[in-house]
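Hi there,

Here is the structure I promised to pass on. Have a look at it first, and then read on for my notes.

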Amino acid sequence: MIAIAKRDFKSYFSSPIGYVCVAVVLAFFGYFYYQVLVAGMSSLIGRVYSIMFTWCMMVIPIITMRSFSEDRKNKTDQALITAPVSVTGIVVGKFLAAFGVFALIILGSVIPCVFISFFGSPNWSIILGNAVASLLYGAAMVSIGLFISSLTTSQVIAAIGSFAIAIFLMIIDTLSSTIDNAFVTKLVNWISFNKRYSSFTQGLFSISNIVFFLSVAAVFIFLTARKLESRRWS
Amino acid sequence: MIEVSHLTKRYGVNIALDDVSFSVEEGSVVGFLGPNGAGKSTTMNIITGYLSASEGEVTIGGYNTIENPNEAKKLIGYLPEQPPLYVDMTVKEYLNFMYDLKKATLPREKHLEEICKLAKIDNVYTRLVGNLSKGYRQRVGIAQALIGNPPVLILDEPTVGLDPKQIIEIRNLIKSLGRNHTVILSSHILSEVQAVCKRVLVINKGRLVADGTADQLAHNLSTDHRLIARIDGPENELVHAIRTLDHVVDAVSYGEKEPNVYEIAIEADENYDIRRNLFALLARKGWPMLSLRNTELTLEEVFLRLTSGEDPNYFNKSKKGGQKS
């Protein structure tokens, strides 16, 4: 498990993919820090993160698209599955690697605040709250991306599939306003990643939201493991 | 060491393996032979736990591969048909990764060094796997299978893509590993199986069709009462004279092989040795016999006979040619 996580994490950075993902998203973070804090004359760090929510959603499918599809295509999955590691171990290893790249981005996003703290006194609890929220949301999204990646041998299809789900989860809010059914509205609000995430950016640390994101991550890790397992039987 | 019992693998309506059972004792090298698509790789994939069987079970060193997969997998070193290599790693990184993945406990540096020497990849140790030639990749694949010194080695076509010199090296390596490992190797190169393996399993269309040593297989299927002789003499008279000999069922000429020397295939009654009578006849007639051999099948012919529906009988097949000439 640790071996797989280490190898996969390294492999992100032995090709340009890891550098590009981290650099592009951090560049956007930098831009929105400027937009919100300097140009907007605001001190609400949460706004930076709520704007960046979309961009994080876009970058995660790119990080996860190759996890399982590439292994399956190059038949390296034979080495993993015939090794004395459980399938859940393999999936968790891959999850940690992909999540590690995302965590690196979020870690990088805090850098501007470190500089701000030299000249002022930023509210660290809000900054860390936002970062943790992003990590939670990232964990859920990474596990969904891994699951999609385990369904196909094509990285492109894996990426597009994860994009579709990411975008669907983003626009699901707008659905709730168009449907006139109390139950559906409630359901949609319950699923909405956006709603749960934005409550963090407003500084609300709700246990139910934390549990929600962690559960989504766990469910999709479980489903991915089952998917790998089922391939042996087909 | 390896118990395979009643393995069946179905893909929808296609049956890839049909009730395959065999067992392999500790310390033997077994060749797995079959035409393409016969089920060799499927069987190996099931033994190593990459695939699951629709029915039947596999036990490795007492561990069932379904109930104790991790224990069973620890005992196996597997080289799949396509070596599972990460092209973005160096050989060193890759072997270290496989070392961790397999949870090997032998002293890392020393163990990897030994394996590299065995597989002869120490000169490419720091190069990227992606830049290696097919032969070297295959050897890295073999090295990977040896990590952790597992008692069972499953090698799926280990010499594919190697040059003749490397093939001999790898065969010798497998032979030497066979002394203290249990090895199953698949191949469709018959000479390889003959050179390396004591025992041969022939699989065709998902069924095990033969099991025995190469010599046994050849002997069982061959027919000792069929002879092929090269005789210096007039063709028609030769054939006629031999036909009239007692216990001869048929004689056919294969045509002129050397100037005025004809090759004659002779079929005698079963369980009757006509070699002495034949010699006496030819001596009487003054036709020198230049060679005499029986039609004992080569492994190649055994293989063809076992794996094709038709009877590739050397005698009958040559008969047609003989009549033409």
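Let me begin with Thr76(A), which counts as buried at a relative accessibility of 1%. Please keep in mind as you read that this is a predicted model. Thr76(A) sits in the loop that links helix H4 (67-73) to helix H5 (77-81) of chain A. Which residues does Thr76(A) contact, once neighbours within four places in sequence are left aside? From chain A there are Glu70(A) and Asp71(A), and from chain B there are Pro84(B), Leu85(B) and Tyr86(B).

**Helix packing in chain A**

Next, three helix pairs in chain A. I'll start with helix H3 (residues 45-64) and helix H8 (residues 124-151), whose axes come within 9 Å and cross at roughly 20 degrees. Angles under 35 degrees count as roughly parallel, so H3(A) is described as roughly parallel to H8(A). The crossing of H3(A) past H8(A) is right-handed. On the H3(A) side, the contact is made by Ile45(A), Gly46(A), Tyr49(A), Phe53(A), Cys56(A), Met57(A), Ile60(A) and Thr64(A). H8(A) contributes a list that includes Ile127(A), Asn130(A), Ala131(A), Tyr137(A), Met141(A), Leu146(A) and Ser149(A). Sorted by class, this contact of H3(A) with H8(A) has 12 nonpolar and 7 polar residues, with no charged residues.

H8(A) also packs against helix H9 (residues 155-178) of chain A, at an angle of about 140 degrees and with the axes 8 Å apart. The two helices, H8(A) and H9(A), are therefore oblique to each other. Here too the crossing of H8(A) past H9(A) is right-handed. Met141(A), Ile144(A), Gly145(A), Ile148(A) and Ser149(A) of H8(A) make the contact with Ala158(A), Gly161(A), Ser162(A), Ile165(A), Ala166(A) and Leu169(A) of H9(A). That contact of H8(A) with H9(A) comprises 7 nonpolar and 4 polar residues, and no charged residues.

For the last pair, helix H6 (residues 87-109) and helix H12 (residues 207-233) of chain A pack at about 130 degrees, their axes being 9 Å apart. That angle makes H6(A) oblique to H12(A). H6(A) passes H12(A) in a right-handed crossing. Val87(A), Thr88(A), Ile90(A), Val91(A), Val92(A) and Phe95(A) of H6(A) meet Ile221(A), Thr224(A), Ala225(A), Arg226(A), Leu228(A) and Glu229(A) of H12(A). What classes do the residues of the contact of H6(A) with H12(A) divide into? There are 8 nonpolar, 2 polar and 2 charged residues.

**Two more residues in chain A**

Ser143(A) is worth finding on your screen, in helix H8 of chain A. Is Ser143(A) buried or exposed? Its relative accessibility is 0%, so Ser143(A) counts as buried. The side chain of Ser143(A) reaches the backbone oxygen of Ala140(A) at 2.8 Å. Apart from neighbours within four places in sequence, Ser143(A) is in contact with Phe95(A), Val216(A), Ala217(A), Phe220(A), Ile221(A) and Thr224(A). Phe95(A), Ile221(A) and Thr224(A) also appear among the residues where H6(A) meets H12(A). The C-alpha atoms of Ser143(A) and Val219(A) are 8.3 Å from each other, with their positions 76 residues apart along the chain.

Then there is Ile2(A), in helix H1 (residues 2-14) of chain A. Ile2(A) has a relative accessibility of 55% and so counts as exposed. Ile2(A) and Lys94(A), 92 residues apart in sequence, have a C-alpha to C-alpha distance of 9.3 Å.

**Over to chain B**

Chain B contains 12 helices and 14 strands. Of the 325 residues in chain B, 53% are buried. Among contacts in chain B with a separation of 6 or more, 68% come from residues 24 or more positions apart.

One residue to look up in chain B is Asn96(B), in helix H3 (residues 91-101) of that chain. Buried means under 20% relative accessible area, so Asn96(B), at 17%, is buried. The side chain of Asn96(B) reaches the backbone oxygen of Lys92(B) at 2.9 Å. Not counting residues up to four places away in sequence, Asn96(B) touches Arg108(B), Leu112(B) and Tyr125(B).

Happy to go through any of this with you.

Best wishes

How values were computed
Residues numbered from 1 in each chain as written. Chains lettered and ligands numbered in written order. Predicted model: local features only at pLDDT ≥ 70, side-chain atom pairs only at ≥ 80, totals over all residues. Heavy atoms only, no water. Axes fitted to C-alpha atoms, helices over the stretch in contact; angles between N-to-C directions. Helix = DSSP H or I, 4+ residues; strand = E, 2+ residues; numbered from the N terminus. Parallel < 35°, antiparallel > 145°, perpendicular 65-115°, else oblique. Left-handed = near helix turned anticlockwise from the far one by under 90°. Contact = heavy atoms within 4.5 Å. Nonpolar A, V, L, I, M, F, W, Y, C, P; charged D, E, K, R; others polar. Buried < 20%, exposed > 50% of the residue type's maximum accessible area, 1.4 Å probe, protein only. Polar contact = N/O pair within 3.5 Å; in protein donor to acceptor, adjacent residues only side chain to side chain.
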